[in-house]
Amino acid sequence: MSRVEEYVDVVVVGAGHAGCEAALASARLGLRTVMFTVSVDSIALMPCNPNIGGSSKGHLVREIDALGGEMGKNIDRTFIQSKMLNRSKGPAVHSLRAQADKSDYSRSMRRVLERTEHLMIKQQEVTELIVEEGVLTGVKTYSGAVYHCRAAVLCTGTYLKARCIYGEVSVHTGPNGLQAANYLTESLKSNGVSMYRFKTGTPARIAKKSIDFSKMEEQKGDERIVPFSFTTDPETVQKEQVSCWLTYTNETTHEIIRSNLDRSPLFSGMIEGTGPRYCPSIEDKVVKFADKDRHQVFIEPEGIHTDEMYIGGMSSSLPEDVQLAMYRSVPGLEHAEIVRNAYAIEYDCIDARQLTLSLEFRSIKGLFSAGQFNGSSGYEEAAAQGLIAGINAAQKVLGREPLILDRSEAYIGVLIDDLVTKENHEPYRMMTSRAEYRLLLRQDNADLRLTKKGYEIGLIDEDRYKRLLWKEQKIREESDRVEHTHIGASPVVQECLRRQGSTPLKTSATLAELIRRPELCYGMLSEIDEARPSLPVEIGEEVNINIKYAGYLQRQRKQVEQFKKMERKKIPADLDYDAVPSLRIEARQKLKQYQPSSIGQASRIAGVSPADVSVLLVYLSSGMHKK
Amino acid sequence: MYIEQDTIAAISTAVSQSGIGIVRISGPEAVEIADRVYRSKGGAKKLCEQPTHTIHYGFVVDGDETIDEVLVMLMRAPRSFTAEDTVEINCHGGPCAMRRVLDAVLKHGARPAGPGEFTKRAFLNGRIDLSRAEAVMDVIQAQNEYALQCSVSQLQGSVYEAIKGLRGRILYQTAFIESALDDPEHISLDGYAGQLKEEAEALHGDLQRLIASADNGRLLREGIRTVILGRPNAGKSSLLNALVGEERAIVTEIAGTTRDVLEETINLGGITLKVIDTAGIRSTEDVVEQIGVARALQKAKEADLLLYVADGSSLPDENDRRILGLLGGRRAILLLNKSDLDLVVTPEQLRELTGNQYPVITVSAKEHTGMDQLVDTLKELFYQGELSFNDEVCITNARQKAALISADESIRRVLESIVLGLPEDFYSIDLMGAYEALGEITGEAVGEDLVNEIFGRFCMGK
């Protein structure tokens, strides 16, 4: 029987947020890339919340952008509302979040993919991996076509053996009723990959015309919009925005839920997957936080071309009739008409500890994976991994070193290190508290941290790199100037200080000393800083942060030095842990199973004690393993 | 060469009541730190100006106060045990002074050495032959086990509880801040700084009290851990009373009176013993007594020295045989008690029964006879080096105190940040610092604690 048989460099399975970044990275690096999806119409689909960014996720988007990924640019093209969250808090936790027009987002990303050289999109379900002696050599599709490749990236999202559930209704589909991928799991298992089953959920979508917004609080976007991408000119994104709305559940809502709990598939045991704690269904919230008399409900538009509204805060898997009653008990939703029911979705994913830090399977060379397939959750987490997996698949084919970001360089580094090192029982979400060096890993300096790496890989062009170097230089010069500019106690200065609520000067002070005062900042002092050059706002912002928080930043840099020392001590991939004397049994098992790449990574594995780490260090420096 | 950036210190000899001991400092700042606590007789000598491998007479001082008269040995890198700059302070004033010398060194910039850390550094710096790597690894692992055992078992129960309580409070505050940062639209921090200030002040006060008790040595139970064992009514409590010299344990003629474990620190002939009286060991139906017996068995396992009290007025029974089984290979002294009554067992019989492994002394706990002999036997064991009051106790105390101080510093930084009006995300960085430092004392790593607390306590998102 004849069949289609093709030879390509990189295969990407899936066209969600991970798949898009992976395919773009690989193709942009010049490799012949094929991206498979079960539906070309669902490229870059946002099946849950209609926004990109948010606390810590906004950081990820900025980092993706700095490395040459697409997500930031795409949301800048298609957002309908934008907000910088946590503005009143420290610069490390400022986080950008934008409401997306979902269909625009999807269409715009599709156009980018279609116009990318070396990239082909195919609507086909990949059903089988071809692995020869531990090396991935190709994939097979449902139709029997074979694509030989030198590397592949699995980004199957929530589609593997997906099942959507609400009440007694259970359908074997992916999100939004899309076709599930039912075969790949078996192929993975037969290649020795161990699988988990995770669960997540989404709230109902309600018709806008059935909502009474007069009973809700309006939530507007920021007056001055900050774009995600460092390449987007801020002036081009100042546009009219759409509002979101805030309302609350009440005792009636909670009573409806409580009296129907026995009909919830979660409580009846029909759902077996593990759900995320940070994104609980409304029935979870009512049970777990029984003392709260109300929960917030955010009504967010799904786009400007549709009337569907996303009901944030009320995801559920209760039966249809209970859903309707429960939503209608909320002020403003009394006459709500549901367009799409809320549902829970279960899917197969992997224990990501089978991967190395480059997101390659330890036991299947050339096979990479990213996104929800790796047990994460969220569009941004998926895109971040997709970018790294795509880059590393390409690097592998090109015979280059993989790109590995560590915990002190990027949230992406924290995300991937956590996924491949720590035990994870629920879909993993990024949080700023997971980043131990977060004062250094800010969204405002993502370009300063990562653009150079993107340039070295080949995803950032010469022009952009030069602009970065210019910015770095200007920040240095201006910081230096501010440290050495003395301000005398002149009447003009005293008057300015008084007006800003600050104490007058006794003797002269440097500008930097004034900036360090809690009530002042770089921007407030422009009128008494006569020699100030005209610079872009972002440069002033960096100067301000570097000076104002110098003590804290210095402390974190010191911690990073310590951290790097341990990360630099590499463990050979073929180390025989059975030959290491004095390791405790538990540590030996864990180390054998997860094969950390450095002493630092080893120290983060649960069950490996500091003494075990010391033992390992002594063993490696003794040279015993080389005999 | 493997160069560490910090300087470590520990008492590097066994601590005995009357002996001379050495506090060792190793690392790039060793000489500098030593200079901060050292004063020569004339007061003018600086160690940093002295040649390597020289010995200097003088004093260790803390501010104006002289702690001990000492000899200081200076060994510069690489010609020292660790191949780092090393200073060894020979102290003369006994364990208490030695501990204070260590305290002073730690206060002036050194960090308490981790288990096996001197050995580890010596090895990594090439001072120990590669062929001995295996032995080095054993030392690290063994000392770590011992340190863990010490830090938890020697921590006063109440102190352990107090630290756990503090950790819980700190974690709660951090989780609150973090949940608000992660989900600012659901959780607000308005007015929170004032609230946290109160809590941080309370935490600061509690930590100060704990640090003070570390100074008084009340954090740890120190001494040779000595456990009195015997079947019910063999006279264990009477023995403890005889040793302590006061009525401490309730003594009656009803077997099974001591239902729990009693503890007393005593000094016999210059040796500090931490004596633990236990419930008599026998099979029993009484639930409370069963618990006492279980504890006694546990204490016996942890002990440095066992004192087995045999009732000489009756023949050994199955309970005695069970206890004798516990002795196997351990340091023990057998006491043939009730010499005031007619003995039906002779010392020779008892000695034979235990394979002639242990010294046997005939005593009457009631009449306080035979006590001198017990003290002599103890001294013999002690000075022959068979028993030592392990230095790990001191270093454990030092490590724990250092951790308390570090936790307190973090809390003070939180207060400072609040006063300065820094944003809330700065508070949680230092709160977590305090949480981690306290975790070093209770032997708990941070892991996913914060994330679990956030999800467990606060209702988040979507």
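Biologist: How many salt bridges does a search of the whole structure find over all chains?
Modeller: Keep in mind that this is a predicted model. A pair counts when a side-chain nitrogen of Lys or Arg sits within 4 Å of a carboxyl oxygen of Asp or Glu. Searching over all chains with that rule, the total comes to 77.

Biologist: Let's start inside chain A. How far apart are the closest N and O atoms of Glu114(A) and Arg110(A)?
Modeller: Both residues belong to helix α4 of chain A, which covers residues 102-114. They are four residues apart there, so about one helical turn separates them. Their side chains form a salt bridge, and the closest N and O atoms are apart by 2.8 Å.

Biologist: Is Glu114(A) buried, partly exposed or exposed?
Modeller: Buried would need a relative accessible area under 20%, and exposed one over 50%. Arg110(A), the partner, has 27% and counts as partly exposed. Glu114(A) has 46%, so this residue also falls in between: partly exposed.

Biologist: Which residues of chain A are linked with Arg407(A) in a network of salt bridges?
Modeller: The network brings together acidic and basic side chains of chain A. On the Lys and Arg side, Arg407(A) is joined by Lys422(A) and Arg604(A). The other members are Asp417(A), Asp418(A), Glu436(A) and Glu567(A).

Biologist: Now to where the chains meet. What area is buried between chain B and chain A?
Modeller: The contact involves 49 residues of chain B and 63 residues of chain A. Carbon and sulfur atoms give 57% of the buried area. The area itself is about 4,600 Å².

Biologist: Which element gives the most to the side of chain B that touches chain A?
Modeller: The rule finds five salt bridges across this interface, and the count of residue pairs in polar contact is 15. On the chain B side, the elements giving two or more residues are α3 (117-124), α4 (133-153), α5 (157-182), α12 (392-419), α13 (424-442) and α14 (449-457). The one that gives the most, with nine residues, is α4(B).

Biologist: By class, how many nonpolar residues does that side of chain B have?
Modeller: The side of chain B that touches chain A has nine polar residues. Another 15 are charged. The nonpolar residues number 25.

Biologist: Which residue of chain A does Glu178(B) meet in a salt bridge?
Modeller: Glu178(B) sits in helix α5 of chain B, and the pair crosses between chains. The partner lies in the loop between α11 (411-421) and α12 (446-457) of chain A. The N to O distance is 2.8 Å, and the partner is Arg438(A).

Biologist: Are Glu178(B) and Arg438(A) buried or exposed?
Modeller: The cut-off for buried is a relative accessible area under 20%. Glu178(B) has 2%, so this residue passes. Arg438(A) has 3%, so here too the verdict is buried.

Biologist: With which residue of chain B does Arg429(A) form a salt bridge?
Modeller: This is another pair made of one residue from chain A and one from chain B. The closest N and O atoms are 3.2 Å apart. The residue on the chain B side is Asp182(B).

Biologist: Within chain B, how many residues apart in sequence are the parts that Arg169(B) and Asp206(B) tie together?
Modeller: The two form a salt bridge with the closest N and O atoms 3.0 Å apart. Arg169(B) lies in helix α5 and Asp206(B) in helix α6 (residues 192-215), so the bridge ties together parts separated in sequence. Arg169(B) counts as partly exposed at 27% relative accessibility, and so does Asp206(B) at 22%. The separation in sequence is 37 residues.

Biologist: How far apart do the C-alpha centres of domain 1 and domain 2 of chain B lie?
Modeller: The assignment gives domain 1 as 8-129, domain 2 as 136-218 + 397-443, and domain 3 as 226-383. Domain 1 puts 13 residues into its contact with domain 2, which puts in twelve. Their C-alpha centres lie apart by 29 Å.

Biologist: What area do domain 1 and domain 2 of chain B bury between them?
Modeller: The count between these two domains is one salt bridge. Carbon and sulfur atoms carry 72% of the buried area. The area is about 900 Å².

Technical notes
Residues are numbered from 1 along each chain as its sequence is written. Chains are lettered from A and ligands numbered from 1 in the order in which they are written. This is a predicted model: local features need pLDDT of at least 70, side-chain atom pairs count only at pLDDT 80 or more; totals for chains, interfaces and linings use all residues. Side-chain values use heavy atoms; hydrogens and water are left out. Contact means heavy atoms within 4.5 Å. Buried area is the accessible area (1.4 Å probe) that two parts lose on being put together, summed over both. A polar contact is a pair of N or O atoms within 3.5 Å; within protein, one must be able to donate a hydrogen and the other to accept it, and residues adjacent in sequence count only if both atoms are side-chain atoms. Ala, Val, Leu, Ile, Met, Phe, Trp, Tyr, Cys and Pro count as nonpolar, Asp, Glu, Lys and Arg as charged, and the others, Gly among them, as polar. Buried means under 20% relative accessible area, exposed over 50%, partly exposed in between (1.4 Å probe, protein chains only). Domain bounds come from an automatic or database domain assignment.
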